Amino acid sequence: FIVWTVATAMSETAEAVDPEVQERWNQDLTAIEESIRLMLGNRLQEAEDLLAASSEAVAKRDFRFDAGDHDMRGCFTFVSALMSLINGLASLENNQLDIVLERVHRADEELQLDGNWPGRTVLRGLCNLVAGVVEIMQGMPSKGVWHVLRSWFWLRNLESEAMMFDGHERGCVRSTALLALGVFNLFVSM
């Protein structure tokens with residue numbers, strides 16, 4: 001999501017998408033981008049508040065999955081978990097990894113509420129991969145390795161499905177798939 005911009009999303013729309021669905025997508029990506037900008041500016045609480053408010057707004061929607069609409073709450077929670085991971089590693093706060101693990105598991109649960117599409121697959125794989133890495137960092141290697149291996153259930157088809165995806169979410173799905181494959185391959189090479 002970091003390399004993806006709303007301008008790119010609008011310019012690379014592969015097919016005619018319902019304007020309301022496209023506007024929701026653009027709004028959700030803007031919230032993610034702004035939260036990342038706030039986090040990188042060391043305004044963590046503002047970033048968390050933005051993600052929470054965006055998640056609450058999404059919860060009120062009447063989803064039109066058949067028109068390409070998405071329930072982005074899991075994505076917002078995953079971004080929040082990554083922010084907590086980066087903050088926890090940088091600040092060495094106590095119990096920060098517990099918070100990350102809780103958020104990653106919650107993100108995975110929320111992702112199951114979304115329709116079936118490659119973006120959901122990528123994020124579910126990333127949730128399991130990040131959970132595994134965090135568990136290994138916490139001194140739970142067997143549980144961590146299990147989650148890393150389990151992540152492959154979702155990540156194994158990324159090259160054929162996510163990289164070739166042609167929906168209005170193409171750029172976001174592709175960049176997130178590249179991140180997932182990179183993190184997985186980095187972890188495996190260690």
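**S55.** I looked up the contacts of S55 in this predicted model. Leaving out residues up to four places away in sequence, S55 touches R73 and F76. S55 itself lies in helix α3. I then checked the spacing to R73: the two residues are 18 apart in sequence, and their C-alpha atoms are 5.0 Å apart in space. Is S55 buried or exposed? S55 has a relative accessible area of 16%, and because the cut-off for buried is under 20%, S55 counts as buried.

**D28.** I went on to D28, which also has F76 among its contacts. D28 is in helix α2. Apart from neighbours within four places in sequence, D28 is in contact with V58, R61, M72 and F76. I noted its relative accessibility as 4%, so D28 is buried.

**Helix α4.** I checked the length of α4, residues 73-91. How far apart should its ends be, at 1.5 Å a residue? The expected span for its 19 residues is 27 Å, because the expected span is 1.5 Å times one less than the number of residues. I found the end C-alpha atoms 27 Å apart, which agrees. After α4 comes L92, and its phi is positive, near 55°.

**N42.** I looked up a further positive phi. N42 is a residue other than glycine, and its phi is near 60°. N42 sits in the loop between α2 and α3. Its relative accessible area is 64%, so I entered N42 as exposed, the cut-off being over 50%.

**G132.** I turned to helix α6, where G132 lies. I entered G132 as buried, since its relative accessible area is 0%. Which residues does G132 touch, not counting those up to four places away in sequence? They are G144, H147 and V148. I also noted V145, which is 13 residues from G132 along the chain, with 5.9 Å between the two C-alpha atoms.

**α7 and α8.** V148 turned up again when I looked at how α7 packs on α8. I described the pair by the angle between the axes and the distance between them, as is done for two packed helices. For α7 (residues 141-155) and α8 (residues 170-189) the angle is about 145° and the axes are 12 Å apart. The crossing of α7 past α8 is left-handed. On the α7 side, V148, S151, W152 and L155 make the contact. On the α8 side, I listed A180, L181, F184 and F187. By type, the residues of this contact are seven nonpolar, one polar and no charged.

**L158 and the core.** I looked up L158 next. Not counting residues up to four places away in sequence, L158 touches V122, M163, A177, A180 and L181. A180 and L181 are also among the α8 residues in the contact with α7. Which residues have the most contacts inside the largest nonpolar core? They are I32 and L158, in a core of 45 residues. I then listed the elements that give two or more residues to this core: α2 (19-40), α3 (44-59), α4, α5 (96-111), α6 (118-137), α7 and α8. Which element has the largest share of this core? I found that α6 does, with eight residues.

Technical notes:
Residues are numbered from 1 along each chain as its sequence is written. This is a predicted model: local features need pLDDT of at least 70, side-chain atom pairs count only at pLDDT 80 or more; totals for chains, interfaces and linings use all residues. Side-chain values use heavy atoms; hydrogens and water are left out. Axes are lines fitted to C-alpha atoms, for helices over the stretch in contact, and angles run from 0 to 180 degrees between N-to-C directions. Helices (H or I, at least four residues) and strands (E, at least two) are DSSP runs, numbered from the N terminus. A crossing is left-handed if the near helix is turned anticlockwise from the far one by less than a right angle, and right-handed if clockwise. Contact means heavy atoms within 4.5 Å. Ala, Val, Leu, Ile, Met, Phe, Trp, Tyr, Cys and Pro count as nonpolar, Asp, Glu, Lys and Arg as charged, and the others, Gly among them, as polar. A nonpolar core is a set of buried Ala, Val, Leu, Ile, Met, Phe, Trp, Tyr and Cys residues joined through side-chain atoms within 4.5 Å. Buried means under 20% relative accessible area, exposed over 50%, partly exposed in between (1.4 Å probe, protein chains only).
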